Amino acid sequence: MTTYLDFASTTPMAPEVIEKMHAVMKEDSFGNPSSLDHKFGLAAKKIVERSRAEVADLINANPDEILWTSGATESNNLAIVGFHQFQYKNQAMSFLTSHLEHKSVIECMDLIKALGSKVSFIKPNDKGRIDLETLSNQMDEDAVFVSCMHVNNETGIINDIEEIGKFCRKNEIIFHVDAAQSIGKIPVDVDDMCIDLMSMSAHKVYGPKGVGALYINKKSIGRVKSIIVGGGQERGMRSGTLPTHQIVGMATAYKLSKQRMHEDLEHITQCQNSFLKKLSNLNDWKINGSKEHSYPGILSICFPDLYSESLIYAMEDFAISRGSACSSDHDEPSHVLKSMGLVDDEINGTIRISFGRTTSIEQAELAASELIKAVLHLRKLKGCSQ
Ligand code: PMP
């Protein structure tokens with residue numbers, strides 16, 4: 001049996017989520033949540049609004065600041081391209097983001113750059129974090145928008161969102177956060193962190209794929225233009241019939257994550273500790289980034305003398321990955337690791353192991369033992385003496 005250790009890519013749905021989605025699909029709530037002339041639509045609408053309140057509750061937002069989308073990719077597009085579309089009137093506008101971001105942020109930034117805006121990419125420090133000093137030094141007087149992710153999907157590093165948020169608020173700059181990897185895993189409070197726009201996904205926290213949300217605070221709601229037009233759902237900000245069963249799945253996953261956050265985090269930290277303790281018997285490897293300021297569920301480990309593909313192949317009983325799922329079907333080296341200053345051999349020898357709620361300590365230890373075996377075997381084949 002293969003052990004799943006790729007929770008940063010996606011998570012299995014929690015049984016509570018499946019049960020709730022199933023119930024909603026079977027009940028009279030199959031109606032269109034915008035069809036308010038009959039009980040079927042009204043029942044669906046009630047579920048959608050209750051779910052909105054549950055999602056808002058996890059991040060300390062108001063329900064009317066939550067907009068349903070198909071996932072964090074769409075939310076990132078709406079936040080960046082939507083803000084640009086609304087604001088751009090041929091005047092100078094400067095956007096700041098980092099090389100750490102998910103491709104859905106980077107490619108939106110490339111798009112608005114092609115449309116005439118200035119975009120600056122900030123380099124992370126060698127631990128893979130964004131320093132406020134670097135950010136403020138790169139900021140010019142036309143800066144209107146900063147986009148910075150919370151937890152990085154390849155390394156697990158956590159950026160100091162509150163510090164950056166306070167700086168942006170003081171300088172009247174819109175602050176967008178891609179929180180796809182942090183929501184439900186570590187505390188997120190949009191108020192304390194001075195966040196204006198925040199992208200969320202359901203499937204990273206035991207919810208269904210294909211659903212997410214964008215948090216837009218009250219002050220920013222009139223400053224983002226819809227990028228999907230049509231039936232005018234979600235107050236004209238995002239057209240398309242709402243998927244009630246997906247939405248209830250996301251809300252159930254978020255509610256569960258809030259209840260279990262402390263317990264989950266403690267358990268995942270134990271998995272990481274047990275794994276690293278075992279792995280400490282091996283030489284010549286390093287963690288990309290650092291354990292400090294990092295989410296313990298994601299480990300990026302580098303073996304500069306080996307190829308990640310060979311390691312993944314040798315670890316056949318474990319589902320692990322090279323890095324982000326989005327780049328593992330393209331053959332490009334990781335832009336995140338590159339921006340942290342890793343050389344080609346280090347990038348080519350990096351694997352990502354990510355733990356989750358259902359990982360057992362035994363599985364984490366066994367993964368470390370198997371990894372040691374795989375590394376020693378591959379080094380032996382290469383003729384290295386250990
Ligand atoms: N941002 C980050 C940091 C992610 O890890 C992901 C998923 N890999 C996304 C955005 C995209 O999320 P979704 O799959 O919900 O579109």
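Analyst: A strand is a DSSP run of type E with at least two residues, numbered from the N terminus. By that rule, Ile174 belongs to strand E6, which covers residues 174-178. The model discussed here is predicted.

User: Why is Ile174 called buried?

Analyst: The relative accessible area of Ile174 is 2%. Buried means under 20%, so Ile174 meets the term. In space, Ile174 and Arg223 lie 9.8 Å apart from C-alpha to C-alpha, with their positions 49 residues apart in sequence.

User: What makes the contact between the side chains of Ser98 and Glu101 a polar one?

Analyst: Their separation is 3.0 Å, and the limit for such a pair of N or O atoms is 3.5 Å; the contact therefore qualifies. The side chain of Ser98 also has a polar atom 3.0 Å from the backbone nitrogen of Leu100. Ser98 itself is placed in strand E3, residues 94-98, and counts as buried because its relative accessibility is 1%, where the term requires under 20%.

User: How many aromatic pairs does the structure hold, and why is the pair of Phe83 and Phe145 called tilted?

Analyst: There are six aromatic pairs. For Phe83 and Phe145, the centres are 4.9 Å apart and the planes are at 45 degrees. The centres must lie within 6.5 Å for a pair, and an angle neither under 30 nor over 60 degrees is classed as tilted; the term therefore applies to Phe83 and Phe145. Phe83 comes from helix H3 (residues 72-87) and Phe145 from strand E5 (residues 143-147), so that the pair links distant parts of the chain, 62 residues apart. Phe83 is buried at 1% relative accessible area, and Phe145 is buried at 0%. Together with Phe95, these two residues form one aromatic cluster.

User: Why is the pair of Phe275 and Phe355 called edge-to-face?

Analyst: The planes of Phe275 and Phe355 are 65 degrees apart, with 5.7 Å from centre to centre. An angle over 60 degrees defines edge-to-face, so the label follows. Phe275 sits in helix H7 (residues 244-279), while Phe355 is in the loop between strand E12 (350-354) and helix H12 (361-382), 80 residues away. Both are buried, Phe275 with a relative accessible area of 0% and Phe355 with 2%.

User: How do you know that Arg357 lies over the face of Tyr206?

Analyst: Arg357 is 4.1 Å from the ring centre of Tyr206. The distance limit is 6 Å, joined to an angular limit of 35 degrees from the ring normal. Lys39 is likewise placed over the face of Phe40, at 5.4 Å from the ring centre.

User: What makes Thr73 and Lys204 polar partners of the ligand?

Analyst: A polar side-chain atom of Thr73 is 2.6 Å from an oxygen atom of the ligand, and one of Lys204 is 2.8 Å from a ligand nitrogen atom. Both distances fall within 3.5 Å, and therefore both are polar contacts. The backbone of Ala72 adds a polar atom at 2.9 Å from an oxygen atom of the ligand. Of the accessible area of 400 Å² that the ligand has on its own, the protein covers 89%.

User: Which residues come nearest to the ligand?

Analyst: Thr73, Asp178, Ser201, His203 and Lys204 do, of the 13 residues around the ligand. The shell consists of four nonpolar, seven polar and two charged residues.

Key: Residues are numbered from 1 along each chain as its sequence is written. This is a predicted model: local features need pLDDT of at least 70, side-chain atom pairs count only at pLDDT 80 or more; totals for chains, interfaces and linings use all residues. Side-chain values use heavy atoms; hydrogens and water are left out. Helices (H or I, at least four residues) and strands (E, at least two) are DSSP runs, numbered from the N terminus. Buried means under 20% relative accessible area, exposed over 50%, partly exposed in between (1.4 Å probe, protein chains only). A residue is near a molecule or strand if one of its heavy atoms lies within 4 Å of it. A polar contact is a pair of N or O atoms within 3.5 Å; within protein, one must be able to donate a hydrogen and the other to accept it, and residues adjacent in sequence count only if both atoms are side-chain atoms. Accessible areas come from the Shrake-Rupley method with a 1.4 Å probe; for residues, only the protein chains shown count as cover. Ala, Val, Leu, Ile, Met, Phe, Trp, Tyr, Cys and Pro count as nonpolar, Asp, Glu, Lys and Arg as charged, and the others, Gly among them, as polar.
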